[in-house]
Amino acid sequence: LKGSTTKKIQKVTSEDSCTAPLAYLLRPQEGLFVAPLEWGETLYGFIVASLPLPFLEDEEEEMLFLELSQDLSFALYSIDLEKAREEAQRILEASEEKFRTLAESLPVAVLIRTQGRWVYANPFFETLTGYTPKELIQNDLWQEISQDGATIIAQWEHGLGSAPFEREFTLVTSGGQTKWVLARFTPVQYEEKEALLVLLLDLTERKLAEERIRYLTFHDVLTGLYNRTFFEQEASRLDTPENLPLSVIMGDLNGLKLVNDTFGHAMGDELLRQAARILERVCGNRGVIARLGGDEFIVLLPRTSSSEVQALGEQIQKEFQEARIESIPLSISLGYGTKVAPEQPLDEVLRIAENWMYQRKLTESLSFHNQVLQAFRASLRAVTQETEEHSQRIRNLALQLGKALGLSQRELDELSLLAEFHDIGKIAIPQSVLEKPGPLDEEEWAIVKKHPEIGFRITQSIWELSSIANYILFHHERFDGTGYPRGLKGEDIPLLSRIIAICDAYDVMVTGRPYRKARTKEEALAELKRCSGTQFDPRIVEAFIAILEESSTPHQGTVSNEA
């Protein structure tokens with residue numbers, strides 16, 4: 001009976017083999033009605049009734065008993081159904097509470113839309129968009145916030161799809177800022193209605209990072225021009241018959257190392273940026289401009305003839321000649337090449353342009369160096385407030401002393417250059433320090449003491465002055481080893497550096513400084529004697545004094561700010 005799922009009433013008498021378990025229910029002349037209490041596939045149990053035997057054969061009694069069992073089964077089912085509904089409601093309420101708790105703590109915007117309107121937005125929605133959830137729900141601002149997002153919503157509502165999907169689009173905040181978001185759309189049931197759950201993840205920082213990476217992949221960070229990687233890709237893409245004649249301009253910037261050594265890499269960077277701006281002004285709308293690296297630039301010009309590229313090159317040179325970095329002129333050596341036939345390799349055109357560029361660099365370097373020398377002369381006088389007469393006085397003293405010491409003509413020529421350019425490193429020293437009308441403090445003095453090393457780097461970069469680079473580096477060394485920058489001692493200091501140090505010191509003393517009056521010739525010579533063997537080479541001091549004592553004319557001149 002326990003396994004029975006039939007709705008027919010079972011009749012049991014004492015003669016049935018199954019009476020043993022129910023014997024205690026049976027009395028003489030009685031039997032049992034047994035019916036299952038079940039609804040659907042659920043068996044709740046059985047209903048058992050003890051009746052006189054005649055009733056077991058009464059069909060009406062049997063029907064009444066069957067109806068009773070069905071009524072009881074339905075009642076049991078209803079009780080279960082109510083319990084299930086109450087449990088479902090409890091679970092739903094708990095689920096909604098968990099959803100809200102979770103949604104309101106997430107760092108993503110959570111929205112629910114049903115029946116054509118927004119019914120929920122979490123607090124992060126305001127963080128993302130600047131609009132409050134209440135503004136979204138009451139005013140339906142979605143179209144204003146994101147037209148792309150509104151189109152996606154409209155398409156979903158029209159088709160009412162059932163599968164989740166993702167989209168990326170932009171939205172505009174209440175402050176007018178554009179942001180990228182990743183939106184995940186998930187169809188759900190909300191309050192027993194078809195609804196759409198929307199999660200908005202802010203992608204703005206990631207998009208900006210991706211754009212930055214993409215930019216860095218194809219651009220030179222310093223100048224903003226394209227880099228070699230992009231140029232090589234574009235060269236392959238543009239190398240087609242439709243773009244013939246395909247021309248190339250290759251340029252090598254002159255003086256970058258010189259500017260770096262003289263004024264520092266910040267000024268060298270500005271030189272590169274100015275060069276890039278000139279190339280953009282002349283060729284920007286004509287082709288692809290790239291910095292290949294270092295001081296090399298290249299321009300790829302589709303549908304540009306050799307005569308046209310020549311005219312562009314002349315315009316570039318004109319603008320370079322008119323530009324300046326501090327006192328240094330801008331200069332670039334250019335080479336050109338033009339591909340006119342489809343079968344001609346572009347690499348061959350690039351080699352032609354490169355060879356021409358280096359050939360012109362050789363012929364133009366002398367002119368450029370002359371311009372740089374003139375610029376340095378002007379800068380040195382402006383920065384140190386020295387006159388031509390001042391340089392001439394030191395040169396005359398140095399040459400007299402050099403001849404007395406038996407220097408060769410080559411050494412005298414170098415000494416002449418050294419007299420003019422020994423303080424060339426000062427053009428990179430702040431003018432506020434050089435023109436200070438009083439003694440320098442420790443920090444300012446440390447800056448000034450760098451000028452021999454700066455002068456060394458400058459003159460090494462100019463071949464006309466490279467022979468005096470070491471003399472400039474050591475012209476502030478002292479004979480006793482307490483000078484700078486290396487602390488050389490005695491005859492380890494180059495002879496020409498020792499000579500110019502004495503001539504320079506003497507001229508400073510007799511011409512004075514803004515914060516110290518000039519000394520007489522006798523006072524200056526006495527000071528040289530006092531410093532002989534410590535600051536100056538005794539042998540050279542003796543020769544220098546002998547030369548001046550032969551002259552009856554006091555050596556005087558204009559005020560100098562020599563350090």
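Glutamate 168 is partly exposed, with a relative accessibility of 37%. In this predicted model, the residue forms a salt bridge with lysine 207, in which the closest N and O atoms are 2.9 Å apart. Because glutamate 168 belongs to strand β6 and lysine 207 to helix α7 (residues 204-218), the contact ties together parts of the chain that are 39 residues apart in sequence. Lysine 207, in contrast to its partner, counts as buried, because its relative accessibility of 18% falls under the 20% limit. The pair is also part of a wider arrangement, a network of salt bridges that links Glu168, Arg206, Lys207 and Glu210. Lysine 207 has a further contact, with an aromatic side chain: the lysine lies over the face of tryptophan 180, at 4.5 Å from the ring centre.

Across the whole structure, a search finds 22 salt bridges. One of them joins lysine 361 to aspartate 252, with 2.7 Å between the closest N and O atoms. This pair links distant parts of the chain, since lysine 361 is located in helix α12 (residues 346-384) and aspartate 252 in strand β9 (residues 246-254), 109 residues apart. The two partners fall into separate accessibility classes: lysine 361 is partly exposed, at 22% relative accessible area, whereas aspartate 252 is buried, at 4%. A salt bridge also connects the side chains of arginine 478 and aspartate 480, with an N to O distance of 3.7 Å. Here arginine 478 is partly exposed, with a relative accessible area of 25%, and aspartate 480 is likewise partly exposed, at 28%.

Aromatic contacts were examined as well. The structure holds 9 aromatic pairs. Among them is the pair of tryptophan 142 and phenylalanine 169, whose ring centres lie 6.4 Å apart and whose planes meet at 85°, an edge-to-face geometry. The angle supports this assignment because planes over 60 degrees apart count as edge-to-face. Tryptophan 142 is situated in helix α5 (residues 142-145) and phenylalanine 169 in strand β6 (residues 165-172), so that the pair links distant parts of the chain, 27 residues apart. Both tryptophan 142 and phenylalanine 169 are buried. Together with Trp118, these residues, Trp142 and Phe169, form one aromatic cluster.

Strand β6 thus appears in both kinds of contact, through phenylalanine 169 in the aromatic pair with tryptophan 142 and through glutamate 168 in the salt bridge with lysine 207 of helix α7.

Notes. Residues are numbered from 1 along each chain as its sequence is written. This is a predicted model: local features need pLDDT of at least 70, side-chain atom pairs count only at pLDDT 80 or more; totals for chains, interfaces and linings use all residues. Side-chain values use heavy atoms; hydrogens and water are left out. Rings of Phe, Tyr and Trp (its six-membered ring) pair if their centres lie within 6.5 Å; planes under 30 degrees apart count as stacked, over 60 as edge-to-face and the rest as tilted. Helices (H or I, at least four residues) and strands (E, at least two) are DSSP runs, numbered from the N terminus. Buried means under 20% relative accessible area, exposed over 50%, partly exposed in between (1.4 Å probe, protein chains only). A charge sits over a ring if NZ of Lys or CZ of Arg is within 6 Å of the ring centre and within 35 degrees of the ring normal. A salt bridge is a side-chain nitrogen of Lys or Arg within 4 Å of a carboxyl oxygen of Asp or Glu.
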